[in-house]
Amino acid sequence: MAELTAAQIEFFREQGYLVAPGVIPAGVVEALQVEIDAAIDRQAHVLLAASKITALHADQGFLHRATAIAAECREILAPVDGGRHSGPAMFGLLTCPELLDVVGQLVGPEIVASSVYRIRPKLPFRPEGDVPWHQDSGYFHTMGDAHLILTCWVPLMNATVSAGCMEVVPRSHRHGVVRHYWAEVPAPPLTVHPDHLPPSDPVPVPADLGDVVLLSNLTCHRSTPNTAGVIRWAADLRYNAPEAGDYYPNEAGFLARSKSHPDQVLRDAAAFDRLRREHRPAGAVDRTWLKQAEETFVKKP
Ligand SMILES: O=C(O)CCC(=O)C(=O)O
């Protein structure tokens, strides 16, 4: 069983982040890589038929194929980018027992797999993936603020500094939700203005295959440019206790582990896929800065 040590748990609570090595079994990540490869292959045929690309690059693998095709047409990433992908291997990662063991140590025995999970392909030398400084709670309904919503950032390749790994501000989770602004960037635009970041030097958090970067919903973090020459693939998953409520009703989450209601745990990949596809937004996020018109824009945070 994958378990955090008491020292690791203390580090997470003190610093607001932790790189937990070797949590995810290789087969779980490989299955998702294969599933992403298949989605890229299907999309490549669609784009070729529409004359949006001139070559399928079918001889290239996980890192190189999407990179090569995206040089002609970035729509190659559309089927997998963000929270749209809900295949069996995505469900396999979200419900990976070794990961849930670690999550349970921080979140407790009742574990909701958050509606907010994302696959993040970050193309080299493209700004769309360079997510500026933010707290995840900056995007969520205030009902979640008092709860731990644990981000598990899972590299789908060895995520080095040059590939554009994550960067965190240690101890920034102790300041509550700080004000976010809208930045004029092509990446998701909500940001903590750099002048208002809690005081502490940022730390890059490279992570290898199998590792998980754990963050609290209040930890200020960003994603740095990919200068490695090939795409950087990662998935970010979130988990919380049911008490955190439906803080992101735009998408569907599910009960991933439960001691008190084991009968309500979602165990079926096909049901997960249906849940994601059929979900309709069930309310609005009440965060004031999500009302874009009322907020200040900052250039280049
Ligand atoms: O993977 C990335 O590049 C950004 C991820 C991120 O900002 C997040 O998980 O909140």
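**Exercise 1. Strand β9.** Which way do V212, V213, L214 and L215 point from strand β9, and are they buried or exposed?

*Solution.* A word on the model before we start: it is predicted, local features need pLDDT of at least 70, side-chain atom pairs count only at pLDDT 80 or more, and totals for chains, interfaces and linings use all residues. Residues are numbered from 1 along each chain as its sequence is written.

Step 1. Find the strand: β9 covers residues 212-215. Strands (E, at least two residues) and helices (H or I, at least four) are DSSP runs, numbered from the N terminus.

Step 2. Sort the side chains. V212 and L214 point one way, V213 and L215 the other. In a regular strand the side chains alternate between the two faces of the sheet.

Step 3. Check burial. All four are buried; a residue is buried if 20 or more other C-beta atoms lie within 10 Å of its own, exposed if 12 or fewer, and partly exposed in between, with C-beta atoms placed from the backbone.

Step 4. Add the partners. β1 (residues 17-20) pairs with β9 in the antiparallel sense over 4 bridges, and V19 stands opposite V213. β4 is also antiparallel to β9, joined by 3 bridges, with T151 as the bridge partner of L215. Two strands pair if DSSP finds at least two bridges between them.

**Exercise 2. The core.** Work out which residues touch the most other members of the largest nonpolar core.

*Solution.* Step 1. Set the term: a nonpolar core is a set of buried Ala, Val, Leu, Ile, Met, Phe, Trp, Tyr and Cys residues joined through C-beta atoms within 7 Å.

Step 2. Among the 74 residues of this core, the ones touching the most other members are V103, C152, V154, V212, V213, L214 and Y239. Helix α2 (residues 26-49) gives the most to the core, with 6 residues.

Step 3. Zoom in on C152. Leaving out residues up to four places away in sequence, C152 touches L99, V103, V212, L214, L237 and Y239. Contact here has C-beta atoms, placed from the backbone, within 7 Å.

**Exercise 3. Helix α2 and the loop after it.** Compare the span of α2 with expectation, then follow the chain onwards.

*Solution.* Step 1. The 24 residues of α2 reach 35 Å from first C-alpha to last, close to the 34 Å expected at 1.5 Å a residue. That expected span is 1.5 Å times one less than the number of residues.

Step 2. List the buried residues: V29, L32, I36, A39, I40, Q43 and A44. They pack against α3 (65-70) and α4 (88-94).

Step 3. Move on to the loop between α2 and α3, where S51 sits. S51 has a positive phi near 60° and is not a glycine. Because S51 has 8 C-beta neighbours inside 10 Å, it counts as exposed.

Step 4. H57 belongs to this loop between α2 and α3 too, with a positive phi of about 50° although it is not a glycine. H57 has 19 C-beta neighbours inside 10 Å, so it counts as partly exposed.

**Exercise 4. The ligand shell.** Identify the strands that each supply at least two residues of the shell around the ligand.

*Solution.* Step 1. The surrounding residues are R120, K122, G129, V131, D136, T151, W153, H221, S223, A234 and D236; each has its C-beta atom, placed from the backbone, within 6 Å of the ligand.

Step 2. The strands are β3 (118-122), β4 (149-155), β10 (221-223) and β11 (232-240).

Step 3. By class, the shell has 3 nonpolar, 4 polar and 4 charged residues. Ala, Val, Leu, Ile, Met, Phe, Trp, Tyr, Cys and Pro count as nonpolar, Asp, Glu, Lys and Arg as charged, and the others, Gly among them, as polar.

Methods: Contact = placed C-beta atoms within 7 Å.
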